[in-house]
Amino acid sequence: ALGADREPAIRAVLRHYKRKDNTNGEKLVAELREQAGCELPTVGRRFINWEEAREMKAAGMVIGSHTQTHGILGQMPPETQQWELTESKKNIEAGLQEPVESLAYPVGIHGAFTETTEQLARSAGYKMCFSFYGGINTPQHMQPTNLLRMATSPDSLLFRSETVLLSRFGRLPY
């Protein structure tokens, strides 16, 4: 029983799922489900359809890839990474009838992608690839296959403070 505060349990499961030595996320989830003696609830619609994606594109949004299955690329062999990158790109291009040149690495933290992943992304035709561990892109340290992003705080004072710290020190102290 998780009780009222499920957050710590969810974070613990995600931490294990994202570990570099977890090379089979589906197996981990199946084992957790078996040990907990539960079934996953049925999931409703979670994604936009092609008509909605084309409407967003027509309104000026850029549609990029997030891989085919959202697996953690850094935990996959190169052949599987290549399939994830090319299959997603191919499917989105077919659905939108336009080239896809950007990729957001699933999870995006250190270890979620590797130098090999970056090389494979380049060879697949991606021109911009986004990580998610924070930082500021400067002209001296900008890498097209590792453009730094971070979550923004809804608290504007905290957001401004984090931006100043990042610009001065290149990272947050926490």
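Is Cys-129 buried or exposed, and what is its relative accessible area? Cys-129 is buried, with a relative accessible area of 0%. Here buried means under 20% relative accessible area, exposed means over 50%, and partly exposed is in between, using a 1.4 Å probe and protein chains only.

A word on the ground rules. This is a predicted model, in which local features need pLDDT of at least 70 and side-chain atom pairs count only at pLDDT 80 or more, while totals for chains, interfaces and linings use all residues. Residues are numbered from 1 along each chain as its sequence is written, and side-chain values use heavy atoms, with hydrogens and water left out.

## The whole chain

The protein chain has six helices and two strands, arranged along the sequence as α-α-α-α-β-α-β-α. Helices (H or I, at least four residues) and strands (E, at least two) are DSSP runs, numbered from the N terminus. The C-alpha trace spans about 50 × 40 × 35 Å along its principal axes.

Of the 174 residues, 28% count as buried. The chain exposes about 12,100 Å², and carbon and sulfur atoms supply 57% of that area. Accessible areas come from the Shrake-Rupley method with a 1.4 Å probe, and for residues only the protein chains shown count as cover. Take the contacts (heavy atoms within 4.5 Å) between residues at least 6 apart in sequence: 54% of them join residues at least 24 apart.

## Helix 5 and the core

Helix 5 covers residues 115-124, and its buried residues are Thr-117, Glu-118, Leu-120, Ala-121 and Ala-124. Looking down the helix axis, these buried residues fall within an arc of 165°, so they line one face of helix 5. That arc is taken from the directions from the helix axis to the C-beta atoms. For background, an α-helix has 3.6 residues a turn, so residues three or four places apart point the same way.

The face of helix 5 turned away from the buried side carries exposed Glu-115 and Ser-123. On the buried side, the packing partners are helix 4 (78-96), strand 1 (102-104) and strand 2 (128-130).

Both ends of helix 5 are worth a look. At the start, a side-chain oxygen of Thr-114 comes within 3.3 Å of the backbone nitrogen of Thr-116. This is a polar contact, meaning a pair of N or O atoms within 3.5 Å; within protein, one must be able to donate a hydrogen and the other to accept it, and residues adjacent in sequence count only if both atoms are side-chain atoms. After the helix comes Gly-125, with a positive phi near 105°.

The largest nonpolar core has 18 residues, and those with the most contacts inside it are Leu-85, Leu-103, Tyr-105, Ala-121, Tyr-126 and Cys-129. Helix 4 and helix 5 each supply at least two residues of this core. A nonpolar core is a set of buried Ala, Val, Leu, Ile, Met, Phe, Trp, Tyr and Cys residues joined through side-chain atoms within 4.5 Å. Leaving out neighbours within four places in sequence, Ala-121 is in contact with Leu-85, Leu-103, Tyr-105, Tyr-126 and Cys-129.

## The two strands

Back to Cys-129, which sits in strand 2. Beyond four places in sequence, Cys-129 contacts Leu-103, Tyr-105, Ala-121, Pro-144, Thr-145, Asn-146 and Leu-147. Its C-alpha is 25 Å from that of His-16, and the two residues are 113 apart in sequence.

Over in strand 1 there is Ser-102, buried with a relative accessible area of 9%. With residues up to four places away set aside, Ser-102 touches Val-62, Ile-63, Gly-64, Ser-65, Tyr-126, Met-128 and Phe-130.

Another cysteine, Cys-38, is partly exposed at 37% relative accessibility. The structure holds zero disulfides (pairs of cysteine sulfur atoms within 2.5 Å).

## Loops and helix 3

Most residues other than glycine have a negative phi. Two non-glycine residues with a positive phi are listed here.

| Residue | Phi | Location | Relative accessible area |
|---|---|---|---|
| Gln-97 | near 60° | loop between helix 4 and strand 1 | 64%, exposed |
| Val-107 | about 70° | loop between strand 1 and helix 5 | 21%, partly exposed |

Helix 3 (residues 50-58) is capped at its N-terminal end by Asn-49, with a side-chain oxygen 3.1 Å from the backbone nitrogen of Glu-51. Helix 3 is followed by Gly-60, whose phi is positive, near 110°.
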